[in-house]
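Welcome to this tour. Open your viewer, keep the selection box handy, and we will go from stop to stop together.

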Amino acid sequence: MYRFIAFIVRNLMFALCKYEWKGGENFPVKGGFIAAANHVTELDALTLAHYLFDNGREPRILAKRSLFTSPLTGWALRGTNMIPVERESAKATESLQAAARQLGDGACVAILPEGTLTRDPDYWPMAGKTGVARIALTTRLPVLPVAQWGVTEILPRYGRVLKPFPRKTVTIRTGPPVDLSDLYDRPQDTATLREATSRIMDAITVELEQIRGEVAPQPRFDLRKHPEYEAKMTTYPPVERP
């Protein structure tokens with residue numbers, strides 16, 4: 001089923017996208033790893049999976065459960081044994097445990113650490129959730145930062161209608177593994193988890209800066225400090241950054 005759906009999804013994505021793929025040389029030769037990517041539109045999961053699959057990995061994506069109910073994305077996620085996450089729920093721990101088990105079997109687990117579409121008005125990565133840090137520090141497997149850009153030209157943030165013509169260029173770039181080795185033996189308390197998460201988000205941002213040819217604003221957008229952005233909005237007011 002995985003390869004059947006992969007065949008269909010690959011052809012669909014090639015019909016929608018002209019890809020520029022970079023950084024495949026950073027993938028480990030063998031063993032499991034975590035691919036952590038930015039999240040701008042609900043099509044990200046498919047473009048990320050396509051990129052990883054065509055680089056020789058069968059990814060297991062950790063994605064919010066609501067995506068599993070959408071007609072196209074949900075069909076692809078369910079059929080390829082992706083991992084649903086119950087956000088803001090005790091069941092989220094079960095999702096992390098499932099991801100850790102698959103990593104232990106040598107799988108590539110793909111995670112969108114922000115947990116939801118970025119609310120940054122200019123589409124830069126915002127502060128991430130700590131789930132990716134928990135998995136990384138528990139498994140001690142490499143975390144590769146992945147940046148995507150151009151997907152919103154096909155499906156806008158919170159969009160529901162694809163814009164398939166003409167084909168859009170989507171650039172995906174992977175950087176070297178994030179160094180978390182000094183955190184492995186520390187207690188997995190809030191400070192350690194946030195430090196690991198921040199390093200991962202910094203690395204993703206660096207790769208996106210390379211794609212966009214711009215410097216990301218500081219500090220990083222934090223949804224916890226901007227509750228007015230929690231609702232789905234298509235137009236965002238300016239963000240005041242100290």
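Which side chain does a polar contact of 3.3 Å join to that of Thr138? Select Thr138 and look for Gln188, whose side chain is the partner. A polar contact here is a pair of N or O atoms within 3.5 Å; within protein, one must be able to donate a hydrogen and the other to accept it, and residues adjacent in sequence count only if both atoms are side-chain atoms.

Before moving on, a word about what is on the screen: this is a predicted model, in which local features need pLDDT of at least 70 and side-chain atom pairs count only at pLDDT 80 or more, while totals for chains, interfaces and linings use all residues. Residues are numbered from 1 along each chain as its sequence is written, and side-chain values use heavy atoms, with hydrogens and water left out.

**Stop 1: around Thr138**

Thr138 sits in helix 5. Helices (H or I, at least four residues) and strands (E, at least two) are DSSP runs, numbered from the N terminus. With 52% relative accessibility, Thr138 counts as exposed. On this tour, buried means under 20% relative accessible area, exposed over 50%, and partly exposed in between (1.4 Å probe, protein chains only). Now add Asp185 to the selection: Asp185 and Thr138 are 47 residues apart in sequence, and their C-alpha atoms are 9.9 Å apart in space.

**Stop 2: helix 4 against helix 5**

Select residues 92–104 for helix 4 and residues 131–139 for helix 5. Two packed helices are described by the angle between their axes and the distance between the axes. For this pair the angle is about 40° and the axes are 10 Å apart. Axes are lines fitted to C-alpha atoms, for helices over the stretch in contact, and angles run from 0 to 180 degrees between N-to-C directions. That angle makes helix 4 oblique to helix 5; angles under 35 degrees count as roughly parallel, over 145 as roughly antiparallel, 65 to 115 as roughly perpendicular and the rest as oblique.

Show the side chains of Leu96, Ala99, Ala100 and Leu103 in helix 4, then Gly131, Arg134, Ile135 and Thr139 in helix 5, to see the residues that make the contact. Contact means heavy atoms within 4.5 Å.

**Stop 3: the loops on either side of helix 5**

Go to the loop between strand 5 (108–111) and helix 5, and pick Thr116. Is Thr116 buried or exposed? Its relative accessibility is 5%, so Thr116 counts as buried. The side chain of Thr116 is joined to that of Arg119 by a polar contact of 3.2 Å.

Tyr123 is in the loop between strand 5 and helix 5. Tyr123 is not a glycine, yet has a positive phi of about 70°. On the other side, select Arg140 in the loop between helix 5 and strand 6. Arg140, also not a glycine, has a positive phi of about 60°.

**Stop 4: strand 1 and a distant stretch of chain**

Next, find Glu20 in strand 1 (residues 17–22). Glu20 is partly exposed, at a relative accessible area of 39%. Measure across to Ile172: 152 residues separate Ile172 from Glu20 along the chain, while their C-alpha atoms are separated by 6.3 Å. Setting aside neighbours within four places in sequence, Glu20 contacts Thr169, Val170, Thr171 and Ile172. With Thr171, the side chain of Glu20 forms a polar contact of 3.4 Å.

**Stop 5: helices 1, 2 and 3**

Select helix 1 (residues 2–16) and helix 3 (residues 71–79), which pack at an angle of about 145° with axes 9 Å apart. Tyr2, Ile5, Ile8, Val9 and Leu12 in helix 1 meet Leu72, Trp75, Ala76 and Gly79 in helix 3.

Then show helix 2 (44–54), which, like helix 1, is among the elements covering the buried residues of helix 3. Ten of the eleven residues of helix 2 are buried, so helix 2 is largely enclosed by the rest of the structure.

**Last stop: two cis bonds**

Zoom in on Phe165 and Pro166, joined by a cis peptide bond with omega of about -15°. Pro166 belongs to the loop between strand 6 (143–149) and strand 7 (168–174). Finish at Gln218 and Pro219, where the peptide bond is cis with omega near -5°; Pro219 is in the segment after helix 6.
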